[in-house]
Amino acid sequence: MSGRAPAKASYSPLVPEPKSEGQATLGGTRDAGSSAPGRTVISITMSKSPASSHRIHRRHEQSLASASRNQESGGIPGVPGTGLMRVGLAVMLCVAMVTGTASLATAQVTERMAEHTIATGLDGAYQVLPIDMNRDQRPDLLFLSRTDAELVWFENPTWQRHVIATGLSSMVYLDAADTDGDGIPEVALAHGFSNQLSEEFPGNISILTHQEDPAALWSIREIDRMPRSHRIRFVDTEGNGKPVVVVLPITGVEAVGPDFRTPVPIFYYHPGEWTRMTLTEAEEGQMHGAFVTRWDGSQREAFLNASSLGITLNRYINGKWMRETLTKGDPGPWPRSGASDIVVGALGQDRLLSAIEPFHGNQIVVYARTEGTWQRQVIDDSLENTHTMAVADLDGDGHDEIIAGVRGGSKQVFLYTRDTSGTWTREILDRSELSPTVCETVDLNVDGLIDVVCTGDAGSLKWYENR
Ligand SMILES: [Ca+2]
Ligand SMILES: [Ca+2]
Ligand SMILES: [Ca+2]
Ligand SMILES: [Ca+2]
């Protein structure tokens with residue numbers, strides 16, 4: 001599992017000298033995140049894992065885009081600065097820095113991505129969730145602010161803002177799924193959140209249902225209160241369109257930092273009954289991300305959760321929750337152990353697990369299953385307070401890219417691409433100080449190409465159009 005020492009990435013700094021396209025520059029010392037404005041190339045070799053035909057179900061079919069990359073400015077979408085700077089950056093993006101095996105073919109995925117700003121000034125911006133809210137087949141954007149009293153969605157493509165609930169406090173997370181088959185999702189919301197124990201922050205769990213007009217106020221029903229409830233997910237455990245609601249507190253109620261070393265329960269609720277059920281009491285420490293996926297390739301959904309204990313697969317089989325810890329994550333000493341967020345993607349026919357480690361951690365880790373165990377490989381350990389990750393095959397080569405965002409340091413959004421030789425390359429998807437809290441992947445303009453949408457502490461909501 002993860003007991004072995006992590007495979008460290010090697011780095012090369014970008015040398016700011018114009019090179020002709022296709023020309024490689026070798027070697028150099030690690031200087032990730034330095035003042036060099038271009039990308040850092042991270043080179044590792046991954047083991048080939050056994051074949052698995054799994055592919056997560058929310059993925060849309062995707063075709064290889066045309067290679068029309070020539071932007072009028074000659075620059076990078078969203079890159080501020082003078083024309084000269086843009087030209088310089090464009091030239092630098094044509095320079096592939098390599099360590100070990102040369103890799104020039106698959107980088108520059110960010111050149112496909114055109115940045116668009118949907119909204120700014122969103123104080124407390126925390127979560128964006130793409131989902132069609134009005135049955136027009138265009139994904140809209142549910143949006144949640146930690147400090148705003150209004151729960152809203154932005155309507156695609158005009159991005160008109162609609163308020164569906166008011167008078168809320170300390171919202172922290174939501175999920176949405178159409179549980180009654182009318183084409184408009186129901187929303188599960190965790191609010192009244194704080195890391196502190198206080199009657200002011202009881203950890204409300206509520207279900208919202210639309211009325212006649214999904215753009216008008218929705219009805220809201222509180223189903224439970226559990227302090228420190230922090231992540232919430234619909235999970236269609238039976239594959240019948242009647243998902244349970246799973247709630248993951250960030251720590252145990254009695255936990256005290258920095259160790260937080262008490263059990264953390266996971267709860268779930270059957271739709272309609274809304275009686276609190278305990279899924280497990282075996283988690284411990286700090287718990288963060290949860291990723292829903294059709295792990296077995298059937299209609300049944302499972303979810304993976306990340307915590308101080310690692311990454312655990314949760315499946316509901318024959319009326320019982322079955323839990324299997326896939327990896328212990330970062331093998332570092334408590335409390336800097338385990339994982340913070342987890343995503344499941346695909347590398348060709350193989351399953352890709354990728355994680356942020358440890359809690360709000362500095363590392364992007366990929367796992368490939370080899371000979372029955374998940375091999376841990378750190379592809380970047382230069383980050384600070386990494387808070388979100390997502391996967392999608394943006395360039396249509398059958399291998400998912402990883403999108404990750406940091407709230408510390410440069411506060412940027414990064415994109416990691418693996419080429420066929422196993423080399424991971426890091427590019428900057430958003431070089432503003434977005435301080436991303438959540439990024440998601442979705443085909444927002446319904447053109448068959450998966451796009452990226454992010455929000456964060458800077459109060460902006462942006463999408464990155466795949467062209
Ligand atoms: Ca829509
Ligand atoms: Ca519905
Ligand atoms: Ca790809
Ligand atoms: Ca698209």
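Which residue of S9 does Val152 stand opposite? In this predicted model, Val152 stands opposite Val163 of that strand, and the sheet to which S9 belongs is described below, after an overview of the chain.

## Overall make-up and confidence

The secondary structure of the protein chain comes to one helix and 32 strands. Of its 467 residues, 49% are buried, and among the contacts between residues at least 6 apart in sequence, 53% join residues at least 24 apart.

The average pLDDT of the protein chain is 81, and 77% of the residues score at least 70. Over residues 1-106, however, the pLDDT is below 50, although this stretch has 187 contacts in the model beyond near neighbours in sequence.

## The sheet from S6 to S9

An open sheet is formed by four strands in the order S6-S7-S8-S9, and the pairing is antiparallel. At its edges stand strand S6 (125-131) and strand S9 (160-165), each of which has a single partner strand, so one side of each is left without a neighbour in the sheet. On average, and with direction ignored, neighbouring strands of this sheet are turned by 25° against each other.

Strand S8, which covers residues 151-155, pairs with S9 in the antiparallel sense over five bridges. The loop between S8 and S9 holds Pro157, and the peptide bond that leads from Asn156 to Pro157 is cis, with omega near 10°. In general, most peptide bonds are trans.

## The sheet from S22 to S25

A further open sheet has four strands in the order S22-S23-S24-S25, again with antiparallel pairing. Strand S22 (341-347) and strand S25 (373-380) are its edge strands, each pairing on one side only, and the average turn between neighbouring strands of this sheet is 30°, direction ignored. Strand S24 (residues 363-370) and S25 are paired in the antiparallel sense over seven bridges, and Val366 has Gln377 in S25 as its bridge partner.

Two loops of this sheet hold residues with notable backbone geometry. In the loop between strand S23 (350-357) and S24 lies Pro358, and the peptide bond from Glu357 to Pro358 is cis, with omega near -20°. In the loop between S24 and S25 lies Glu371, which has a positive phi of about 50° although it is not a glycine; with 8 C-beta neighbours inside 10 Å, Glu371 counts as exposed.

## Strand S15 and its partners

Is strand S15 (residues 244-249) mostly covered or mostly exposed, and how many of its six residues are buried? Strand S15 is mostly covered, with six of its six residues buried. In a regular strand the side chains alternate between the two faces of the sheet. In S15 both faces are covered, since Val244, Val246 and Leu248 on one side and Val245, Val247 and Pro249 on the other are all buried.

Strand S14 (residues 229-235) pairs with S15 in the antiparallel sense over six bridges, and the bridge partner of Phe234 in S15 is Val245. S15 also pairs with strand S16 (residues 263-269), in the antiparallel sense and over three bridges, where Val247 stands opposite Phe267. The loop between S16 and strand S17 (277-284) is the place of Trp274, which shows a positive phi of about 60° although it is not a glycine; with 14 other C-beta atoms within 10 Å, Trp274 is partly exposed.

## The nonpolar core and Val292

In soluble globular proteins, nonpolar side chains tend to be buried together. Here the largest nonpolar core has 101 residues, and those with the most contacts inside it are Leu174, Val246 and Ile403. When residues up to four places away in sequence are not counted, Val246 touches Arg233, Val235, Ile266, Tyr268, Leu279, Ala290 and Phe303.

Val292 is found in strand S18 (residues 287-293). Why does Val292 count as buried? A residue is buried if 20 or more other C-beta atoms lie within 10 Å of its own, and Val292 counts as buried because it has 22 C-beta neighbours inside 10 Å. Leaving aside neighbours within four places in sequence, Val292 is in contact with Arg233, Val235, Glu301 and Phe303. Val292 and Asn305, which are 13 residues apart in sequence, are 8.9 Å apart in space from C-alpha to C-alpha.

Notes: Residues numbered from 1 in each chain as written. Chains lettered and ligands numbered in written order. Predicted model: local features only at pLDDT ≥ 70, side-chain atom pairs only at ≥ 80, totals over all residues. Buried ≥ 20, exposed ≤ 12 C-beta atoms within 10 Å, placed from the backbone. Contact = placed C-beta atoms within 7 Å. Core = buried A, V, L, I, M, F, W, Y, C linked by C-beta atoms within 7 Å. pLDDT = per-residue confidence, 0-100. Pairing = 2+ DSSP bridges. Axes fitted to C-alpha atoms, helices over the stretch in contact; angles between N-to-C directions.
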